[in-house]
Amino acid sequence: MTNIILLGPPGAGKGTQARYLVESRRMVQLSTGDMLREAQTSGTEMGKKVAAIMAEGKLVTDQIVIGLIREKLQDTSHGGFIFDGFPRTLAQADALERLLREMHLKLDAVIEMQVDDDALVARITGRSTCGGCGEVYHDQTKPWPEDGKCANCGSTDVQRRADDNEDSLKTRLMEYYKKTSPLIGYYYAKGNLQRLDGLASIEEVRKSMAWIMGE
Ligand code: ADP
Ligand code: ADP
Ligand code: ZN
């Protein structure tokens, strides 16, 4: 079992790479962003509570996301966990460490995906997701097939996130630098940090990732 954290600003490519690892290594993607969006779609009380915060681009409370992650750590019959978009604060990092210890799990690597801020606007404003299978597309770098059908599942349901606009991105970037970027130093000091060039092509990033994970 290999457990990793994908660390990087919104649009760095965490979700895109997580999907490959799920397919190629039978890992389980734990994206707190996806879990929070699901809670909104299914209309739970928690979903309603966080909707406005997410639309604005602010972080939701540590307590909520830690609760979501805790539930998912029970099943360990797979290739490992990919923490995607979690932890995002030092309090979340501490909580994760405690949870992993309780479950007798170890963290193998924290992979920082480095991307210029200038590139993030284009990444975020061009992003769309398949409503059928969650495949991530980009208007310029990974456009939908000409026939409008998802290459992975055939669905024509093109979804764009409500928070994928320049205004919300500004807030998300500020949240990232204020609250999440200290985790880079935190994991460096712990000896877990690995960095890769997130500006390289999706394929190149995939190779760097495989190299880091020993393959
Ligand atoms: P991105 O793919 O752009 O990095 P995510 O899908 O991970 O964004 O997150 C979308 C939103 O969900 C965030 O802007 C934040 O409001 C909320 N969120 C997701 N994960 C966390 C977390 N670990 N802590 C606090 N808020 C979170
Ligand atoms: P995150 O989960 O970190 O927010 P995503 O994986 O959703 O990031 O990627 C954001 C956007 O950038 C998507 O539209 C995706 O298709 C595109 N993208 C991801 N990785 C790359 C890459 N290496 N080169 C070019 N575009 C990419
Ligand atoms: Zn699809």
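How many bridges pair strand 1 (residues 4-7) with strand 4 (residues 109-114), and in which sense? Four bridges pair these strands, in the parallel sense. The model is predicted, so that local features need pLDDT of at least 70 and side-chain atom pairs count only at pLDDT 80 or more, while totals for chains, interfaces and linings use all residues. Residues are numbered from 1 along each chain as its sequence is written, chains are lettered from A and ligands numbered from 1 in the order in which they are written, and side-chain values use heavy atoms, with hydrogens and water left out.

**View 1. The open sheet has five strands in the order 2-3-1-4-8.** The pairing is parallel. The edge strands, strand 2 (28-31) and strand 8 (193-197), each pair on one side only. From one strand to the next, the twist averages 25 degrees. Between strand 1 and strand 4, Leu-6 has Ile-111 as its bridge partner in strand 4. Strands (E, at least two residues) and helices (H or I, at least four) are DSSP runs numbered from the N terminus; two strands pair if DSSP finds at least two bridges between them. In general, strands of a sheet pair through backbone hydrogen bonds, either parallel or antiparallel.

**View 2. Helix 2 and helix 9 pack on the sheet.** Helix 2 (residues 32-41) touches strand 2 and strand 3 (81-84), and its direction makes about 70 degrees with that of strand 2. Helix 9 (residues 202-212) touches strand 1, strand 4 and strand 8, and its direction makes about 160 degrees with that of strand 8. Contact means heavy atoms within 4.5 Å. Axes are lines fitted to C-alpha atoms, for helices over the stretch in contact, and angles run from 0 to 180 degrees between N-to-C directions.

**View 3. Ligand 1 is surrounded by 19 residues.** The closest are Thr-32, Arg-37, Lys-58, Gln-92 and Arg-172; a residue is near a molecule if one of its heavy atoms lies within 4 Å of it. A polar side-chain atom of Thr-32 is 2.8 Å from a nitrogen atom of the ligand, and a backbone N or O atom of Lys-58 is 2.6 Å from an oxygen atom of the ligand. A polar contact is a pair of N or O atoms within 3.5 Å. The protein covers 97% of the 560 Å² of accessible area that ligand 1 has on its own (Shrake-Rupley method, 1.4 Å probe). Helix 2 gives the largest share of the shell, four residues.

**View 4. Ligand 2 is also surrounded by 19 residues.** Lys-14, Thr-16, Arg-127, Tyr-137 and Ala-200 are the closest. An oxygen atom of ligand 2 lies 2.8 Å from a polar side-chain atom of Lys-14. A polar backbone atom of Ala-200 is 2.8 Å from a nitrogen atom of ligand 2. Of the 560 Å² of accessible area that ligand 2 has on its own, the protein covers 93%. Helix 1 (14-25), strand 6 (136-138) and helix 9 each supply at least two residues of the shell.

**View 5. Two loops hold backbone exceptions at Pro-87 and Arg-26.** A cis peptide bond, with omega about 0 degrees, joins Phe-86 and Pro-87. Pro-87 is in the loop between strand 3 and helix 5 (90-102). Arg-26, in the loop between helix 1 and strand 2, has a positive phi of about 50 degrees although it is not a glycine. Most residues other than glycine have a negative phi, and most peptide bonds are trans.

Technical notes:
Polar contact = N/O pair within 3.5 Å; in protein donor to acceptor, adjacent residues only side chain to side chain.
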